[in-house]
Amino acid sequence: MDRAETVEQIEAKLPPPSASEQAEADYQAFVEKNLPRNFAGHFIHGMLGMTGFRIFNAPTFLPAYLHLITRALPGSDFWVASGVALQNLGAVVSPVVGAAQVEHRKRVLPVSMLMGTLMRVQVAAIALCAWVLAGPPLVFAILFFLFLLGLFQGAQGVAFQMLLAKVIPTRLRGRLQGLRNIAGGQVSAGVAWLAGTYLLGKNPLKGGPLALWHNGYATTFALSAILTTLGLSMLAILMREPEPPLVRPRARAWDRMREFPQLMRADRGYFFFMIAQTCATAGRIAVPFYVIFARHVMPLTGANIGLESLVLLEGDSLSNLVWGTVGDRFGFRSSFIGAMALWIAATALLLFAGSPTLVLLAFAGLGAAQAGFQMSSQTMVLEFGSLQDMPMRLGLSQTAQGLMNFAGPLAGGVIAVAFGYRPVFMVSMTFEAIALALLLFVVDEPRYRRRNA
C-alpha cells in the first residue's frame, strides 16, 4: 500500500469538521483568496487617503494657519491648541459608538465608507471657509468643523482598523503598513513641499503663484480633501470583505462602555498597554507648537513651512519600513519602544536646536517617532484578546487617546501662554519617558503570548 492510500485511510478515520470549524475554514479561505486584492486596496487607500490627511494633520500647515489668523486675538497660542483639542474632543466618544455599530455586523465596509466620506466633507468645508470667511467667524467656523472631523474620525478609525484585521493576516500587517506609509509619505512630502513653495509662497495668507483665489492654505486643504477622496474611492472599488462566522450580539454603546473595566481587568498586559499608550498620547501636548517654536530659527514663511513639512513627512515615510519590519519580526512592542526613545531624543534636539540644520533633523526624528508610535500602538492593540472583542478594544483605545489628545493641547496652550514653549516640551518628554518605562518593564508582547499558549 503506497503513502497516498495511507493518507486517505487516515483522513477517512478523522471525524468530519463541525459546522463552526467549517465556517472558520471557509472564512480563512476567503481571506487568502482575496488577499492580493484587499492588500492592494488598503495600500492605495493608505497611500492617497493618508497622504491628504497627513498634509492636513501635520504639525505644520494647520497650526501655522491657526496661528496666523488668530494673531489679532488675545492668546493666539491657546487658539492654536484649541483647534487640535476640539478635533480630538470629537474623537472621545465616537470610537465607542462606532465600535457598537460595527461589532454586531458581518460587513463593516458600508459603515467605514460613510464615516470616511463624512470626514472628507469636513476638510472640504474648512477649505471653503478659508476662502469665503475672515476674522473671528473664520476662526470659529474652522474650530467647529475640526470638532466634526474628530467626531467622524473616531468612528471611522475603529471601522477601518476592524476591516484591516479582517482581511490582512497578522503576518502581513506590518509590511502593509510599512509599504503604504512609505509610499504615502513620499507623496505627502512632495506635495507638502510643493504646497509650501507654490501654494503658500512668501506670503502664506495671500498665497503663492498657484494658489486658487489667492489663498494658499485654502488651496492646500482642498487638495488634501481631493487626495483623501481618491484613496477612499479606490478602497471601495477593490475591497472584498468576508463575513465572519461569529459576531457579538447587538448591544447599546452605554452597555458596552460599562464592560470596559472588566475588559481591562481580564488582561493585565492590555491594561498596562493602555496606560502606556495614553501616556505616549499625552506626549503630543507639544505637537501644535513644534513649527511655532522653531520660528526663532526658521521664520513662518511658506518655503520654510513646506521644507519643515517635507522633512517631517520624509522622516515619517522612510521610517515605516523599519517599524513594520521590526514589528513583523519581533512584535510591535519592540517598535513601540524604539519610537518612544526616538521621540524623546528628537524633542530634546528641537528644544536646544540653534540652526536650521538641527531644526530639520529634529523634525525628521519627530516624524519618524510619531509614525512608529501610530503603527505600533494601532497594530499591537489588534493582537490582544479575541476577534469578537476587537471593536471594543479599538473603541476603548481610541477613546482614551481622544480624551488625552483633547486635554493635552489645551493644557499645552495654557502652559505656553503662561510660561512659554520650553515647559511644554519638558512635560511632553516626561510623559513619553513614562510610556517607555512601562513598555520596557511591565507590558508583555501579545504575539509571543499567543505562540506560547
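The following legends describe close-up views of a predicted model.

Local features are given where pLDDT is at least 70 and side-chain atom pairs where pLDDT is 80 or more, while totals for chains, interfaces and linings use all residues. Residues are numbered from 1 along each chain as its sequence is written, and side-chain values use heavy atoms, with hydrogens and water left out.

**View 1. The packing of helix 14 against helix 16.** Helices are DSSP runs (H or I, at least four residues), numbered from the N terminus. Helix 14 spans residues 302–330 and helix 16 spans residues 356–380; their axes lie 7 Å apart at an angle of about 40 degrees. Axes are lines fitted to C-alpha atoms over the stretch in contact, and angles run from 0 to 180 degrees between N-to-C directions. The two helices are therefore oblique to each other (under 35 degrees counts as roughly parallel, over 145 as roughly antiparallel, 65 to 115 as roughly perpendicular and the rest as oblique). The crossing of helix 14 past helix 16 is right-handed (the near helix is turned clockwise from the far one by less than a right angle; anticlockwise would be left-handed). Residues of helix 14 in this contact (heavy atoms within 4.5 Å) include Leu-307, Val-311, Gly-315 and Trp-323; those of helix 16 include Val-359, Phe-363, Gly-367 and Met-375. The residues of this contact comprise eleven nonpolar, six polar and two charged (Ala, Val, Leu, Ile, Met, Phe, Trp, Tyr, Cys and Pro count as nonpolar, Asp, Glu, Lys and Arg as charged, and the others, Gly among them, as polar).

**View 2. Helix 16 along its length.** From first C-alpha to last, the 25 residues of helix 16 reach 36 Å, close to the expected 36 Å (1.5 Å times one less than the number of residues). Helix 16 is largely enclosed by the rest of the structure, because 19 of its 25 residues are buried (buried means under 20% relative accessible area, exposed over 50%, and partly exposed in between, with a 1.4 Å probe and protein chains only).

**View 3. The packing of helix 12 against helix 18.** The axes of helix 12 (residues 268–282) and helix 18 (residues 421–441) come within 7 Å and cross at roughly 155 degrees. These helices are therefore roughly antiparallel to each other, and helix 12 passes helix 18 in a left-handed crossing. Phe-272, Ile-275 and Cys-279 are among the helix 12 residues that meet helix 18, where the partners include Phe-431, Glu-432 and Leu-438. By class, this contact has eleven nonpolar, no polar and one charged residues.

**View 4. The surroundings of Lys-166 in helix 7.** Lys-166 belongs to helix 7, residues 135–167, and counts as buried at 4% relative accessibility. Beyond its neighbours within four places in sequence, Lys-166 is in contact with residues including Tyr-27, Lys-106, Arg-107, Glu-241 and Pro-244.

**View 5. Trp-213 and His-214 in the loop between helix 8 and helix 9.** Most residues other than glycine have a negative phi. Trp-213 has a positive phi near 55 degrees, and His-214, also not a glycine, has a positive phi of about 60 degrees. Trp-213 is exposed, with a relative accessible area of 67%; His-214 counts as exposed at 65%.

**View 6. Leu-133 in the loop between helix 6 and helix 7.** Leu-133 counts as partly exposed, at 31% relative accessibility. Leaving out residues up to four places away in sequence, Leu-133 touches Leu-138 and Ala-141.
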